Amino acid sequence: MKIAVIGANGKSGSLIVKEALSRGHAVTAIVRKADAKVDPKADVLVKDLFDLTYDDLKPFDVIVDAFATWTLDSLPLHQTSLKHLTDILSGKPNRLLVVGGAGSLYVNPELSVRLVDTPEFPEEFKPLATNMAKALDELKKCDNVNWTYLSPAIEFVADGARTGHYTAGGEQFIVNSQGKSQISYADYAIAMVDEAENAKHIKQRFTVVTE
């Protein structure tokens, strides 16, 4: 497959690039700066996400959106960046896979209470989780885009081990046999590339947890 990864020099993006390359896919790393550190086996497109056009993305079977920003004033970019991508991919055959957040996962079967709305949710992460949740809400309205949104477990461990095993869920957060909701970035990358290959969650959000 031809796979593009936006934000390919970030923590999750770089591991998704590595995982896809290890399976023999043709990977293009889309980065904002020419000096961005990316896997040397990947092709590189230097362009800001907001400047991307459909002509840039047309060659790819799958586009992985691993865009991330953390400063308080830039958090709304999670919404505007995803809107830009869905606008240019509307009505197109290409698939859009989004590196999502855990805060928008639901805690009850009725899907009425999200993690970010619970008293236990850390106050300092609420602005980020709220912006990402709003972006997901708008994404779910995109009937003309072949999107998939992958939420990690509650504990998203950057330097965690690559176990090669994970369990998938849906809109609710899930736990492993030890009652923990956690996944490493490396195992998350496996799940993302599995989805790229198997297309099991078109126009759906799903989540993954490591045993």
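Mentor: A residue is called buried when its relative accessible area is under 20%, and with that cut-off in hand we can go through this predicted model.

Trainee: What makes β2 largely enclosed by the rest of the structure?

Mentor: Set against that cut-off, five of the six residues of β2 are buried, and therefore the strand is described as largely enclosed by the rest of the structure.

Trainee: Threonine 28 has its place in strand β2, so why is threonine 28 called buried?

Mentor: The relative accessible area of threonine 28 is 11%, and because the term applies under 20%, threonine 28 counts as buried. Leaving aside neighbours within four places in sequence, threonine 28 is in contact with Ile3, Ala4, Val5, Asp43, Val44, Leu45 and Phe60.

Trainee: How do you know that β1 and β2 pair, and in which sense?

Mentor: Two strands pair if at least two bridges are found between them, and β1 and β2 have five bridges, in the parallel sense, so the condition is met. One residue pair can be named here, since the bridge partner of isoleucine 6 in β2 is isoleucine 30. In general, strands of a sheet pair through backbone hydrogen bonds, either parallel or antiparallel.

Trainee: What can be said by that criterion about strand β5 and strand β6?

Mentor: Strand β5, residues 95–99, and strand β6, residues 146–151, pair over five bridges in the parallel sense, and because at least two bridges are required, they too count as a pair. Leucine 96 stands opposite tryptophan 147 in β6.

Trainee: In what order do the eight strands of the open sheet run, and what makes β3 and β8 its edge strands?

Mentor: The order is β3-β2-β1-β4-β5-β6-β10-β8, with mixed pairing. The strands β3 (43–46) and β8 (167–169) are edge strands because each pairs on one side only, pairing being decided by bridges. From one strand to the next, the twist averages 25 degrees.

Trainee: Which strands do α1 and α5 lie across?

Mentor: Helix α1 lies across β1 (2–6), β2, β4 (62–65) and β5, and runs at about 165 degrees to β1. Helix α5, residues 185–198, lies across β1, β4, β5, β6 and β10 (204–209), and its angle, of about 165 degrees, is given relative to β5.

Trainee: Why is leucine 128 called buried?

Mentor: Leucine 128, which has its place in helix α4, has 16% relative accessibility, and because the limit is under 20%, leucine 128 counts as buried. Apart from neighbours within four places in sequence, its contacts are Thr69, Trp70, Leu75 and His78. The C-alpha atoms of leucine 128 and serine 74 are separated by 9.6 Å, although these residues are 54 residues apart along the chain.

Trainee: Which residues lie nearest the centre of the largest pocket, and what is its volume?

Mentor: Of the 45 residues lining the largest pocket, Ala68, Trp70, His78, Leu128 and Met132 lie nearest its centre, and the volume is about 1,200 Å³. The lining divides into 28 nonpolar, ten polar and seven charged residues. Among the elements, α1 (11–22), β2 (26–31) and α4 (126–139) each supply at least two residues of the lining, and the largest share, five residues, comes from α4.

Trainee: What makes a space a cavity and not a pocket?

Mentor: In a cavity a 1.4 Å probe fits but cannot get out, whereas a pocket is an open set of points. A search of the whole structure finds two cavities of 30 Å³ or more; about 100 Å³ of space lies in the largest cavity, and about 40 Å³ in the second largest, so both values pass the 30 Å³ threshold of the search.

Trainee: Which residues line the largest cavity?

Mentor: Its lining is made of Asp65, Phe67, His78, Ser81, Leu82, Val98, Val99, Met132, Ala135 and Tyr149. Helix α3 gives the most, with three residues, and by class the lining has seven nonpolar, two polar and one charged residues.

Trainee: How does the lining of the second largest cavity divide by class?

Mentor: The second largest cavity has three nonpolar, one polar and four charged residues in its lining, including Arg114, Asp137, Lys140 and Arg205. The most comes from α4, with three residues.

Note on methods
Residues numbered from 1 in each chain as written. Predicted model: local features only at pLDDT ≥ 70, side-chain atom pairs only at ≥ 80, totals over all residues. Heavy atoms only, no water. 1 Å grid on protein atoms, 1.4 Å probe; cavity = no way out; pocket = protein on both sides within 12 Å on 5 of 7 lines; lining within 4 Å. Helix = DSSP H or I, 4+ residues; strand = E, 2+ residues; numbered from the N terminus. Nonpolar A, V, L, I, M, F, W, Y, C, P; charged D, E, K, R; others polar. Axes fitted to C-alpha atoms, helices over the stretch in contact; angles between N-to-C directions. Contact = heavy atoms within 4.5 Å. Buried < 20%, exposed > 50% of the residue type's maximum accessible area, 1.4 Å probe, protein only.
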